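Visitor: I would like to go through this model with you, one feature at a time, and hear the reasoning behind each answer.

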Amino acid sequence: MDYRKELNENQYKAVTSNAQYARVVAGAGSGKTRVLTYRLAYLVGEMGVDPRSIVAIAFTNKVAGEMKTRAINLLNNKGQGISVSTFHSFCARFLRQEIDCIGFPNSFLIMDEDDQEKLIKDIAVEDGFKRKDSIVSFTISFISYYKCIGMYPEDIPTKNIKSEADKKALKFFHEYENRKSKMYCLDFDDLLLKTIEILETNDFVRQKWQNRISNILVDEFQDTNDVQYKLIKLLLKPSTSLYVVGDPDQTIYTWRGANQDIIINFQRDFPLAETIILNENYRSTKKILDCANKLIANNKKRVPKDLFTNNIGGEDVELINAFSREEEAHKIADKIEELHYRGVDYSKIAVLYRASYLTLPFENEFMQRRIPYRVFGGQKFFQRKEIKDVLAYFRILYNIKDDISFERIVNVPRRGFGDTSLDLLKAEKEELGLSYLEYISDIDKYETSLKPRHTTQLVLLNNKLNATRNKLKENEEAYPKILDDFIRDIGYYDYLQSEDDKAEERQENVKALFDNIIAFLKQNPSSTFDEYLENATLQSAQDEVDNNDQVSLMTVHVAKGLEYNYIFVVSFIEGVFPSARSLEENGPDGLEEERRLAYVAFTRAQKKLFISYNSGYSFVMGSKGAPSRFVNEAKLAKKNDSYYKQNTFSPFADNNVSFDDIISQIQQDDAPNTNNIFDWQVGDIAYHDKFGKGIVTKVIDDTIIEINFEECGSKNLVSTHPKLHRIEEGAKA
């Protein structure tokens, strides 16, 4: 094989390196997998290395399989002994041969994450907790954290155990390990930790494996954690070659333990190491790379490099701004339809976002226009559990005969109802030919066998439903506020907080649902609650489009390693991307990781990159949107972009506004049944046909206003409601 013909200069240098220790810094789209594959073929075909003495590590089974197949093909099927595996599969193979030396049978079972969760739930229940109590998710996170840094329960310093939750989790951790041992089970973390334990404590086994291995190759080295790096070093003997490939600018998994310092400081650990930089990009146009290079240059923790390409043509990176999430989705859909009209397959287009809750307006728009799409790495918005829960509550507000929705929410939040008590309630209501809510409404009239605490909970729930139902029927206040108050009153947000380690994501999804309600009110100013509910129900019942030619929607984390002709990076808003939570929790390091994440997003694009943001109010952030600071860093802001110059905000400023302060940035067009008042001001005197006289205390885009009424206190109202009037026009209190 003529390697010089197949590879560019730096790729050739990397593939044919004679250095014992080599670090290949491979920029996005620079042919990283190609280099690794050719390196395997070069070692076997040109250097005469026994393929069985090579340990090649990839980070996914899919990539491992592809690399192995391609290397064997390059060698004309002469490299059948080549093995490419993940860290976990390598360790499983090692332990099948060696684990008996620590008194464990070679026939051990490997537990997956579901098995792990079930075992911890069983332990918690036996200790007096319920399977869904927050201690379960806390313990899972507790165990994962300590195993990720190589610690079993007995290794955890006493000073680390500070809270009662820590003490309980440590107790469960001990019991979890005891039960696994009795069942001869290992979890995923054990595979690495037990391998390391054997290599550290058994000189004979360590030397045997070191003597077997002549070369170690590691892909995606920037995502290696401390435990994995320790394993690699234990497998090295003085003559072993170590060849690592990765890109510090694409380290985006530190929250899962990845340690960027490992690849950055590689030459500190191996002073004679050679570093080869692959910076010729074969994926993207020059204009895309210029944008990405300018952005990532703001990071300090990196190996300096600028990607370049011979593809000097291409279109400008397009910056799209909008006044709301819905307008942003509308503009993106316009662009996608335009591309498709020009002959671009939907499958060549991807929409990337920072967090999964951001999908809703895009899903809405795509469904309305019949643009086929699929969501990777997560469920479609209306299929998510928390959204189904809240919509089930909305449905029983509207229809007291909806027994299906009632059964979904009767114990959400928890009200002490198990299968037995629910079966009893079901039998009693069916004997009378009533729905659940019809029966509960008059439960005092019947001789129920339910426990008093269950009856009390049902009556309390029914009272809250009735109170909310009455407010909706009055149609006086803006119904999004009524619904939000109801969800808070029943404790659903608190319930999510106690459920699992995805509580914040689930809460954000619920808040995004309210953003959707607000958007519906904006588009239909005189709409009622039941009209919104019908709209939401129709959307949630959409059939999956059975078509491979679909637009891909995914988080940037999911997109890593993929590429599309056309990339839309959406909701590029300060506080969203970069994530306010990441900045708060991790400071400057968090900002650098967010910037790396944006860099990964940009470099997925082959032909054109679109970046969009909107200035709409967001329940999730509690403020209006402003362009991400990354827009400016990537030199995307135009000099005449007055919006960007005037509206860029500091994430450290106090920009938070509560639901009670602002419901939304709603624009109202010519709407029927209106009072035709569009210029309310703070201090105006108002009169409402039911609530009486009051004073305007807040104005939100002249559409929803807060009025403090003399008789009934403060209320949020649609400013153009026909029952609302302005008196003494122009007068101030």
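Visitor: Which residues lie nearest the centre of the second largest pocket?

Guide: This is a predicted model, and the pocket in question encloses about 390 Å³ of space. Its lining consists of 23 residues, which divide by class into 10 nonpolar, five polar and eight charged. Those that lie nearest the centre are Tyr152, Glu154, Asp155, Lys194 and Glu197.

Visitor: Which helix gives the most to the lining of the second largest pocket?

Guide: The elements that each supply at least two lining residues are helix 8 (164-183), strand 5 (185-186), helix 9 (188-201) and helix 11 (226-235). With six residues in the lining of the second largest pocket, the element that gives the most is helix 9.

Visitor: How many of the residues of helix 11 are buried?

Guide: Besides supplying at least two residues to the lining of the second largest pocket, helix 11 has a contact at its start, where a side-chain oxygen of Asn225 reaches to within 3.1 Å of the backbone nitrogen of Val227. The buried residues of this helix are Val227, Gln228, Tyr229, Leu231, Ile232, Leu234 and Leu235. Helix 11 is therefore largely enclosed by the rest of the structure, the count of buried residues being seven of the 10.

Visitor: Is Glu220, in the loop that leads to helix 11, buried or exposed?

Guide: Glu220 lies between strand 6 (215-218) and helix 11, and has a positive phi of about 50 degrees although it is not a glycine. Buried means under 20% relative accessible area. Because the relative accessibility of Glu220 is 16%, this residue counts as buried.

Visitor: And is Arg370, which also has a positive phi, buried or exposed?

Guide: Arg370 is not a glycine either, and its phi is about 60 degrees; its place is in the loop between helix 16 (360-369) and strand 11 (373-375). A residue is exposed at over 50% relative accessible area. Since Arg370 has a relative accessibility of 74%, it counts as exposed.

Visitor: Which strands are the edge strands of the open sheet with the order 3-2-6-7-1-8?

Guide: This open sheet has six strands with parallel pairing. At one end of the order, two bridges join strand 2 (residues 54-57) to strand 3 in the parallel sense, and Ile57 stands opposite Ser85 there. An edge strand pairs on one side only, and the two that do so are strand 3 (84-85) and strand 8 (274-278).

Visitor: Which residue is the bridge partner of Glu318 in strand 14?

Guide: Strand 14 (residues 605-614) is mostly covered, with nine of its 10 residues buried. It is joined in parallel to strand 13 (residues 564-569) by five bridges, with Tyr566 opposite Lys608. Strand 9 (residues 318-322) also pairs with strand 14 in the parallel sense, over five bridges, and in this pairing the partner of Glu318 is Phe610.

Visitor: What distance separates the C-alpha atoms of Ser615 and Ala322?

Guide: Ser615 is found in the loop between strand 14 and strand 15 (617-618). With a relative accessible area of 7%, Ser615 is buried. Along the chain Ser615 and Ala322 are 293 residues apart, yet the separation of their C-alpha atoms is 6.5 Å.

Visitor: How many residues lie between strand 19 and strand 20 in their hairpin?

Guide: Strand 19 (residues 704-709) and strand 20 (residues 713-718) run antiparallel and are joined by six bridges. Phe709 stands opposite Gly713 in strand 20. The number of residues between the two strands of this hairpin is three.

Visitor: What is the omega of the cis peptide bond from Phe577 to Pro578?

Guide: Pro578 lies in the loop between strand 13 and helix 27 (580-602). A cis peptide bond is also found from Val412 to Pro413, with omega near -5 degrees, in the loop between helix 18 (403-409) and helix 19 (419-431). For the bond from Phe577 to Pro578, omega is near 15 degrees.

Visitor: How many disulfides does a search of the whole structure find?

Guide: Among the cysteines, Cys101 is partly exposed, with a relative accessible area of 35%, and Cys712 counts as partly exposed at 34%. A disulfide would need a pair of cysteine sulfur atoms within 2.5 Å. Over the whole structure, the number of disulfides found is zero.

Technical notes
Residues are numbered from 1 along each chain as its sequence is written. This is a predicted model: local features need pLDDT of at least 70, side-chain atom pairs count only at pLDDT 80 or more; totals for chains, interfaces and linings use all residues. Side-chain values use heavy atoms; hydrogens and water are left out. On a 1 Å grid over the protein atoms alone, a cavity is a set of points where a 1.4 Å probe fits but cannot get out, and a pocket is an open set with protein on both sides within 12 Å along at least five of seven lines; lining residues have an atom within 4 Å of a point. Grid points are joined across faces, edges and corners, and a volume is the space filled by probe spheres set on the points. Helices (H or I, at least four residues) and strands (E, at least two) are DSSP runs, numbered from the N terminus. Ala, Val, Leu, Ile, Met, Phe, Trp, Tyr, Cys and Pro count as nonpolar, Asp, Glu, Lys and Arg as charged, and the others, Gly among them, as polar. Buried means under 20% relative accessible area, exposed over 50%, partly exposed in between (1.4 Å probe, protein chains only). A polar contact is a pair of N or O atoms within 3.5 Å; within protein, one must be able to donate a hydrogen and the other to accept it, and residues adjacent in sequence count only if both atoms are side-chain atoms. Two strands pair if DSSP finds at least two bridges between them.
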